[in-house]
Amino acid sequence: MTTASGSGTVTAGAEDLSVWPASTRRLPHGGLTVGGVPLTEIARRFGTPSYVLDEEEVRARCRGYRSAFPDADVVYAAKALLCRAVIRWVDEEGLGLDVCSAGELELAVAGGFPPERIVMHGNAKSPRDLETALRLGAGRIVIDSPSEIARLAAAVGPHGRRRVMLRVTPGVLAGGHEKIRTGTDGQKFGLSLADGSAEEAVARILSRPELRLTGLHCHIGSQITDVEPYVTSLRRMVGLMARIRDTHGVTLPELDLGGGHGVPYRPGEPGLDLMALARALRGELAARCGAAQLAVPRLLVEPGRAITGPAGVVLYRVLAVKHTGGQVFVAVDGGMSDNPRPALYGARYAPRLTGRGSTARPRTATVVGRHCEAGDVLAADVELPGDIRPGDLLAVPVAGAYHLSMASGYNLVGRPPLVAVSDGSARLLVRRETLADFRVRDVGV
């Protein structure tokens with residue numbers, strides 16, 4: 001079996017590194033390097049758990065998107081992973097930035113990212129979110145509900161005019177799990193195409209002189225590995241743009257198809273074919289706009305996971321190995337506080353022993369976390385060496401998206417640090433959260 005990823009096409013198997021950063025190399029005696037740095041060295045210097053992020057992998061994936069979509073705006077979805085270093089890398093590689101809170105926006109602008117290249121969205125923007133977007137000059141604000149129209153217009157005031165987009169729910173079912181499917185009716189995002197609420201919102205926006213509607217926005221889900229849902233979504237969105245032109249005499253210049261581009265988490269799993277997606281969207285956009293005699297809008301795409309996910313690795317130290325009920329449980333020093341994805345929606349990973357060799361036959365084990373929850377399972381039914389033991393180092397690839405950004409303070413264990421690797425050196429990007437941090441926040445008596 002073979003699988004394609006940012007690391008190339010390789011044979012799937014026990015030693016398969018296809019889902020690891022392209023810089024990953026084997027060392028003698030069972031070790032691995034990423035970005036030229038041994039993972040054992042990172043564990044020694046920064047402790048465990050630790051997130052590791054390959055800078056060149058992030059940059060290469062940004063460049064891959066720019067190459068696939070040369071005539072579109074590629075906008076990195078900050079919710080996947082955001083820190084000042086990532087902000088700088090994305091900026092330097094020519095991508096825009098998609099944020100969904102005042103906090104993300106403030107950090108981006110403080111990190112030097114041009115606000116005019118920022119898209120601000122969110123299904124329930126607070127007054128602070130909107131005030132920050134206006135104050136810092138976010139390039140586009142995505143309206144997600146009818147109530148936001150009047151609120152935003154009032155905040156802009158009679159002498160201003162701000163660029164906005166409207167998030168539309170196109171009625172497309174896609175995504176790796178029901179909790180990350182956002183393109184269908186009956187969930188919290190956007191305004192429905194089917195019941196007419198999207199067209200009503202368009203009319204209301206166009207009636208407000210404070211707002212300038214520049215385009216439509218949609219996002220159909222996450223971890224999508226098939227091109228067809230995006231093509232279907234594009235068709236429906238172009239149809240709405242044609243109706244807006246016919247009804248209001250307004251031709252919208254932008255169409256944002258969101259992100260959700262899937263990546264393989266384990267060898268042999270599929271990922272979204274980026275070049276196939278780009279070809280299909282370009283062809284369909286030209287064909288549909290031609291048939292409707294509609295000027296072709298500028299396309300926007302919003303990859304997040306596909307940029308940083310495969311660039312990340314998380315390191316854990318084994319604390320205990322327990323044989324019970326015919327099962328083997330390998331307990332590590334992290335868990336659902338640093339990666340809630342398995343508990344939230346069944347994400348599956350491929351942990352690997354690193355730092356020592358083993359000739360023991362593999363056996364099926366379940367890697368579990370340290371938290372007081374039966375659902376604190378990081379990787380169920382995975383193959384690990386039969387002699388796995390306390391003190392061993394486990395490395396888990398595809399940990400660069402929705403790990404640090406979703407990490408919590410559960411059990412006050414502290415969120416892990418984020419370490420960048422590049423050209424044989426490692427540097428700290430985000431420090432480990434400590435007990436002192438928790439004490440400072442606790443101001444009660």
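The following questions and answers introduce a strand, its neighbours, the aromatic pairs and the nonpolar cores of a predicted model.

This is a predicted model, in which local features need pLDDT of at least 70, side-chain atom pairs count only at pLDDT 80 or more, and totals for chains, interfaces and linings use all residues. Residues are numbered from 1 along each chain as its sequence is written, and side-chain values use heavy atoms, with hydrogens and water left out.

Reader: How many residues of strand β7 are buried?

Author: Strand β7 covers residues 73-77; strands (E, at least two residues) and helices (H or I, at least four) are DSSP runs numbered from the N terminus. Buried means under 20% relative accessible area, with a 1.4 Å probe and protein chains only. By that criterion β7 is mostly covered, and the number of buried residues among its five is four.

Reader: Which residue is the bridge partner of Val-75 in β8?

Author: Strands pair if DSSP finds at least two bridges between them. Strand β7 runs parallel to β8 (residues 96-99), and three bridges join them. In β8, the partner of Val-75 is Gly-96.

Reader: Which residue in β15 stands opposite Val-74?

Author: Strand β15 (residues 298-301) pairs with β7 in the parallel sense, over two bridges. The residue of β15 opposite Val-74 is Val-301.

Reader: How many aromatic pairs does a search of the whole structure find, and which one is stacked?

Author: Rings of Phe, Tyr and Trp (its six-membered ring) pair if their centres lie within 6.5 Å; planes under 30 degrees apart count as stacked, over 60 as edge-to-face and the rest as tilted. The search finds two pairs. One has its centres 6.4 Å apart and 10 degrees between its planes, and this stacked pair is Tyr-65 and Phe-69.

Reader: Why does Tyr-65 count as buried?

Author: The cut-off for buried is under 20% relative accessible area. Tyr-65 counts as buried because its relative accessibility is 4%.

Reader: Which helix gives the largest share of the largest nonpolar core?

Author: A nonpolar core is a set of buried Ala, Val, Leu, Ile, Met, Phe, Trp, Tyr and Cys residues joined through side-chain atoms within 4.5 Å. The largest has 126 residues, and Phe-69, Leu-166, Leu-216 and Leu-255 have the most contacts inside it. Its largest share, eight residues, comes from residues 228-248, helix α8.

Reader: How many residues does the other core have?

Author: Another core lies apart from the largest one. Its members include Val-75, Val-119, Val-142 and Leu-300, and its size is five residues.

How values were computed. Buried < 20%, exposed > 50% of the residue type's maximum accessible area, 1.4 Å probe, protein only.
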